[in-house]
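Here's a quick tour of a protein model, with an eye on its charged pairs and its nonpolar core. Have a look at the structure before reading on.

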Amino acid sequence: QVQLVESGGGLVQAGGSLRLSCTTSGLTFSMYAMGWFRRAPGKEREFVASITASGSRTSLADSVKGRSTISRDNAKNTVYLQVNRLKPEDTAVYYCAAALIPSKWNYWGQGTQVTVSS
């Protein structure tokens, strides 16, 4: 079956950095666009970043633009999200997702908690 497993979350001080990873299995990774989403306490899930199947194009939410990078390694079936200059408002559960058709997210991971202390 398809699995998406996030890792790399944790507790970090404001201004710090984290690199989240999402390793997949059970799907042809190179055919899927990948995305990162987050859900903060008491808020709706929101889009953070996405990358096309080839890795040629990326998209970032305004909230993380300029301090984040999404990348992928198709040989490792893994997508990454690097977030720098973390802010307390980045505190959330971060989820990765896979889409065979752009923006139609077929599969989701269980999430990894990121907590940014001020």
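What follows is a short walk through the salt bridges, one central arginine and the nonpolar core.

## Salt bridges

Keep in mind that this is a predicted model. Four salt bridges turn up in total. Part of that set forms a network, with Arg38, Glu46, Arg67 and Asp90 linked together through salt bridges.

Away from those names, there's a salt bridge between the side chains of Lys65 and Asp62, with N and O 3.3 Å apart. Asp62 counts as exposed, at a relative accessibility of 66%.

## Arg38 and its charged partners

Arg38 sits in strand E4 and is buried, with just 5% relative accessible area. That falls under the 20% cut-off for calling a residue buried. One of its salt-bridge partners is Glu46, at an N to O distance of 2.5 Å. Glu46 itself is partly exposed, at 34% relative accessible area.

Asp90 is another salt-bridge partner of Arg38, and here the closest N and O atoms are 2.9 Å apart. What does this pair tie together? Arg38 lies in strand E4 (residues 33–39), while Asp90 belongs to the loop between strand E8 (78–83) and strand E9 (92–101), so the bridge connects parts that are 52 residues apart in sequence. Both Arg38 and Asp90 are buried.

## More around Arg38

The link to Asp90 also shows up as a polar contact between the two side chains, at 2.9 Å. The side chain of Arg38 makes a polar contact with that of Tyr94 as well, again at 2.9 Å.

Leaving aside residues up to four places away in sequence, Arg38 touches a good list of others, including Glu44, Arg45, Val48, Ser63, Val64, Glu89, Ala92 and Val93.

## The nonpolar core

Now for the greasy part. The largest nonpolar core has 28 residues, and those with the most contacts inside it are Met34, Trp36, Ile70, Val79, Leu81 and Tyr94. Strands E3 (18–25), E4, E5 (45–51), E8, E9 and E11 (112–117) each give two or more residues to this core. Which element gives the largest share? That's E9, with four residues.

Leu81 is a handy residue to click on here. Not counting residues up to four places away in sequence, Leu81 touches Leu18, Arg19, Leu20, Trp36, Val48, Ala49, Thr69, Ile70 and Tyr94. Tyr94 is worth a second look: it is among the core residues with the most contacts, and its side chain makes that polar contact with Arg38.

How values were computed. Residues are numbered from 1 along each chain as its sequence is written. This is a predicted model: local features need pLDDT of at least 70, side-chain atom pairs count only at pLDDT 80 or more; totals for chains, interfaces and linings use all residues. Side-chain values use heavy atoms; hydrogens and water are left out. Buried means under 20% relative accessible area, exposed over 50%, partly exposed in between (1.4 Å probe, protein chains only). A nonpolar core is a set of buried Ala, Val, Leu, Ile, Met, Phe, Trp, Tyr and Cys residues joined through side-chain atoms within 4.5 Å. Contact means heavy atoms within 4.5 Å. A polar contact is a pair of N or O atoms within 3.5 Å; within protein, one must be able to donate a hydrogen and the other to accept it, and residues adjacent in sequence count only if both atoms are side-chain atoms.
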